Amino acid sequence: MSSSSSDFVQSKLEDLNVTQDELNSIGEALKKEEFRKLLCDYVQEIQNPENRKLYEEELTELEKQRGVDITFVTPNACFVVKTSTNGNVKTFINICSNDNIGVPLSTKQGSGLNWQVPYVLAPPRLDFDKKQEKCNVYDVVFHPDSIGKSEFVM
């Protein structure tokens, strides 16, 4: 593992606020075949669309009981903008769409238009590009109409 990869992993572990004892326990658990099998089963289970739908329904109901109305926003990929942060860290901005995001609205202002373009921005995350170099990733979700209107100016 390269120095930057190791720094990245260390940074992510610090973000998790995991103690050395907890990390050692996880390491020991991963050495056991039974634990690895259970972990793989769990990953397959949560990737199943039917199970995900059931999870979202159950969570929605639990939140409703607490008086909170939630909506899951599953982004549909549109395109990616490749740029950099501070001129030195590769950065990807994933432009996505979802019908649950508000539609873009415009009002006449003077001889032009004043646009309101609602969006949802997921927290930025660190990742690796194809060359295994550290990069920043942002996911931004707009209403499909916003994406459609942007195609006229691209």
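In this predicted model, Lys53 is exposed, with a relative accessibility of 54%. The side chain of Lys53 forms a salt bridge with Glu57, and the closest N and O atoms of the two are 3.5 Å apart. Glu57, for its part, is partly exposed at a relative accessible area of 41%. Both residues belong to helix α4, where they sit four residues apart, about one turn of the helix.

Helix α4 itself is worth a closer look. The helix runs over residues 49-65, 17 residues in total, and spans 24 Å from its first C-alpha to its last, close to the 24 Å expected at 1.5 Å a residue. At the start of α4, Asn48 places a side-chain oxygen within 2.8 Å of the backbone nitrogen of Glu50. Beyond the other end, just after α4, Gly67 adopts a positive phi of about 85 degrees.

The Lys53 pair has company: eight salt bridges are found in the structure. One of them joins Arg36 to Glu33, with 2.7 Å between the closest N and O atoms. These two residues lie three residues apart in helix α3, so about one helical turn separates them. Arg36 is partly exposed, at 34% relative accessibility, whereas Glu33 is exposed, with a relative accessible area of 56%.

A further salt bridge connects Arg125 and Asp139, whose closest N and O atoms are 2.5 Å apart. This pair links distant parts of the chain, with Arg125 in strand β6 (residues 125-128) and Asp139 in strand β7 (residues 134-142), 14 residues apart. The surroundings of the two partners can be told apart by accessibility: Arg125 is partly exposed at 34%, while Asp139 is buried at 17% relative accessibility.

Turning to the fold as a whole, the protein contains five helices and seven strands. Along the sequence, these elements follow the order α-α-α-α-β-β-β-β-β-β-β-α. Of the 154 residues in the protein, 16% count as buried.

The surface also carries a nonpolar patch of about 820 Å², made by Leu16, Val18, Leu23, Ile26, Leu30, Phe35, Leu39, Tyr42, Val43 and Ile46. Two helices, α2 (20-30) and α3 (33-47), each supply at least two residues of this patch. Helix α3 provides the largest share, with five residues. One patch member, Val43, lies in helix α3 and is partly exposed, with a relative accessible area of 34%. Val43 can be part of the patch because its 34% relative accessible area is above the cut-off of over 30% required of patch residues.

The cysteines complete the picture. A search of the whole structure finds zero disulfides. For Cys78, the closest cysteine sulfur is that of Cys96, at a distance of 6.3 Å, which is too far for a bond. A disulfide would need the two sulfur atoms within 2.5 Å, so the separation of 6.3 Å between Cys78 and Cys96 rules out a bond for this pair. Cys78 is partly exposed, with a relative accessible area of 35%. Cys40 likewise counts as partly exposed, at 48% relative accessibility.

Definitions and conventions:
Residues are numbered from 1 along each chain as its sequence is written. This is a predicted model: local features need pLDDT of at least 70, side-chain atom pairs count only at pLDDT 80 or more; totals for chains, interfaces and linings use all residues. Side-chain values use heavy atoms; hydrogens and water are left out. The expected span of a helix is 1.5 Å times one less than its number of residues. A polar contact is a pair of N or O atoms within 3.5 Å; within protein, one must be able to donate a hydrogen and the other to accept it, and residues adjacent in sequence count only if both atoms are side-chain atoms. Patches are made of residues with over 30% relative accessible area and no salt bridge: like charges are joined within 9 Å, nonpolar side chains (Val, Leu, Ile, Met, Phe, Trp, Tyr) within 5 Å. Accessible areas come from the Shrake-Rupley method with a 1.4 Å probe; for residues, only the protein chains shown count as cover. A salt bridge is a side-chain nitrogen of Lys or Arg within 4 Å of a carboxyl oxygen of Asp or Glu. Buried means under 20% relative accessible area, exposed over 50%, partly exposed in between (1.4 Å probe, protein chains only).
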